[in-house]
Amino acid sequence: AFMESTIYLIGPRGAGKTTVGKALSLSLDYQFIDTDNWITDKYQQTISSMVEAEGWDVFRQLESDALIQVSQPNQVISTGGGIVLAEKNRVYMKNSGVIVYLQASLETLVERLSQDPNEAQRPSLTGKTLVSEIHDVLIKREPLYMQCADIIVDAGLSINDIIEVILAKLAK
């Protein structure tokens, strides 16, 4: 059913979208694209500096444009954690592919993000501590992730198990 389709990975930062995306694309012999990386490559700027210079609204628009530009069959696309905030993005992904939600607990996210050296380069969304920021973001976005997910996977599983679950569900 899913052959030739586009697979979108959604979920908060720290859920492992990039890691899972690369492994999944290898398993399926698909191309892998990370929208955040695509944007930073295209504009030769970090997301932090773009947000500081232009604001979140401008970045969110670039993100929506990027989503449409990178979407092609036989691709696994890792999306930015906030891509689900815009209804047009949710509708676009729903209509053009299969959406896999990597669902991670607050504990998992805090643990991964506090170990991630890149995390220091990310703009804080709220200026709060990591734990309260992730908590706030999850509460706001969880219903949106759930609403558009075709497949939900526990992001706390090992990478091999995650890939197995996704492949099994895709095959149905």
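**Helices and their contacts in a predicted model**

In helix α5, which runs over residues 87–96, the buried residues include N89, R90 and M93. Seen down the axis of α5, its buried residues fall within an arc of 100°, so they line one face of the helix. An α-helix has 3.6 residues a turn, so residues three or four places apart point the same way. The structure discussed here is a predicted model, not an experimental one.

The other side of α5 can be described too. Its face turned away from the buried side carries E87 and N95, and both residues are exposed. What covers the buried residues of α5? The cover includes strand β1 (6–10), helix α4 (56–70), strand β4 (97–103) and helix α7 (130–148).

Helix α4, part of that cover, also packs against helix α2, which spans residues 35–43. Two packed helices are described by the angle between their axes and the distance between the axes. For α2 and α4, the axes come within 10 Å and cross at roughly 105°. An angle from 65 to 115 degrees counts as roughly perpendicular, so α2 is roughly perpendicular to α4. On the α2 side, the contact involves T35, D36, W38, I39, K42 and Y43. These meet F59, L62, E63, A66, Q69 and V70 of α4. Sorted by class, the residues in the contact of α2 with α4 are 7 nonpolar, 2 polar and 3 charged.

One residue of this contact, E63, can be followed further. E63 lies in helix α4. Is E63 buried or exposed? With a relative accessible area of 1%, E63 is buried, because buried means under 20%. Leaving aside its neighbours within four places in sequence, E63 touches D36 and I39, both of which belong to the α2 side of the contact above. E63 is also in contact with G80, G82 and I83.

A second pair of helices is α1, residues 17–28, and α8, residues 159–171. At what angle do α1 and α8 pack? The angle is about 55°, and the axes are 10 Å apart. The two helices are therefore oblique to each other. Their crossing is right-handed. From α1 the contact draws on T19, V20, A23, L24, S27 and L28, and from α8 on I159, I162, I163, I166, L167 and L170. By class, the contact of α1 with α8 has 10 nonpolar residues, 2 polar ones and no charged ones.

Within helix α8, I166 is a useful example. I166 counts as buried because its relative accessibility is 0%. Apart from neighbours within four places in sequence, I166 is in contact with V20 and L24, two residues listed for α1 in the helix contact. The contacts of I166 also include V100, I151 and V153. Between I166 and Y101 there are 10.0 Å in space, C-alpha to C-alpha, although the two residues are 65 residues apart in sequence.

Two loop residues complete the tour. D29 sits in the loop between α1 and β2 (31–34), and Q44 sits in the loop between α2 and α3 (47–54). D29 is not a glycine, yet has a positive phi of about 60°. Q44 is not a glycine either, and has a positive phi of about 55°. D29 counts as exposed, at 70% relative accessibility. Q44 is exposed, with a relative accessible area of 65%.

Key. Residues are numbered from 1 along each chain as its sequence is written. This is a predicted model: local features need pLDDT of at least 70, side-chain atom pairs count only at pLDDT 80 or more; totals for chains, interfaces and linings use all residues. Side-chain values use heavy atoms; hydrogens and water are left out. Buried means under 20% relative accessible area, exposed over 50%, partly exposed in between (1.4 Å probe, protein chains only). Helices (H or I, at least four residues) and strands (E, at least two) are DSSP runs, numbered from the N terminus. The arc is that of the directions from the helix axis to the C-beta atoms. Contact means heavy atoms within 4.5 Å. Axes are lines fitted to C-alpha atoms, for helices over the stretch in contact, and angles run from 0 to 180 degrees between N-to-C directions. Angles under 35 degrees count as roughly parallel, over 145 as roughly antiparallel, 65 to 115 as roughly perpendicular and the rest as oblique. A crossing is left-handed if the near helix is turned anticlockwise from the far one by less than a right angle, and right-handed if clockwise. Ala, Val, Leu, Ile, Met, Phe, Trp, Tyr, Cys and Pro count as nonpolar, Asp, Glu, Lys and Arg as charged, and the others, Gly among them, as polar.
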